[in-house]
Amino acid sequence: MHLTLGNWVLPILKFKRLEVTYENYKKKLEFYCQYQDRCHQEVHAKMDLLKVPYDYREELKQYLIEENFLNEKRFVESFVIGKFNQSHWGNIRLTRELQARDISDYLIQYGLNLIDNTDYQEKFLIALEKAKRSYPDDSNVKDKKKIFDYLKRKGWEPPLILEYLD
């Protein structure tokens, strides 16, 4: 069987649908959690996307936790270190993003404590230099405001930003 599309002749592929079983959902969720550390909220969203029956959800979640596929402490560690090192996010942005994922305050504080103060200052200076390259006239009030807004969006504390802008 073929489908004609202009000058193109495309074969119609028949895909074999996987059975809707507990084991198939388990395998999909295992792979999803192995690929990258996930939080509980992301796993729930994936279950919604896969249309996992409600009968299986708690059992699957419990299995993922017991087999260490789902570990929020590990998620917080990788999230904080990754976003801090790669995206140059400050504490405010990190806290906000973790709260949006329903992470407990205890784990958020644990994650923020992983960042060394000297590293924090260094990353801030890197973010500040990047912002100054975009707006080179930092004596101009409008450019200072744009630099301030950029760093604030990145989650850096306003007193810290003002200290370096003045």
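Which residues does L151 touch, not counting residues up to four places away in sequence? In this predicted model, the contacts of L151 outside that window are F124, A127, L128, W156 and I161.

L151 belongs to the largest nonpolar core, a set of 27 residues. Together with L98, I103 and W156, L151 is among the residues that touch the most other members of this core. Two or more residues of the core are contributed by each of helix 4 (72-87), helix 5 (91-100), helix 6 (105-112), helix 7 (117-134), helix 8 (141-153) and helix 9 (158-165). A second core, separate from the one just described, consists of 14 residues, including L29, M47, L64 and F69.

One of these residues, L64, is also listed among the buried residues of helix 3, alongside R57, L60, K61 and Y63. Viewed down the axis of helix 3, the buried residues lie within an arc of 160 degrees, and they therefore line one face of the helix. The cover over these buried residues includes helix 1 (22-35) and helix 2 (40-50). On the face of helix 3 turned away from the buried side, the exposed residues are D55, E58 and E66.

The length of helix 3 was also examined. Helix 3 comprises 13 residues (residues 54-66), which at 1.5 Å a residue should span 18 Å. The C-alpha atoms at its ends are 19 Å apart, in agreement with the expected span. Helix 3 is followed by N68, which has a positive phi, near 65 degrees.

How values were computed: Residues numbered from 1 in each chain as written. Predicted model: local features only at pLDDT ≥ 70, side-chain atom pairs only at ≥ 80, totals over all residues. Heavy atoms only, no water. Helix = DSSP H or I, 4+ residues; strand = E, 2+ residues; numbered from the N terminus. Expected span 1.5 Å × (residues − 1). Buried < 20%, exposed > 50% of the residue type's maximum accessible area, 1.4 Å probe, protein only. Arc of directions from axis to C-beta. Contact = heavy atoms within 4.5 Å. Core = buried A, V, L, I, M, F, W, Y, C linked by side-chain atoms within 4.5 Å.
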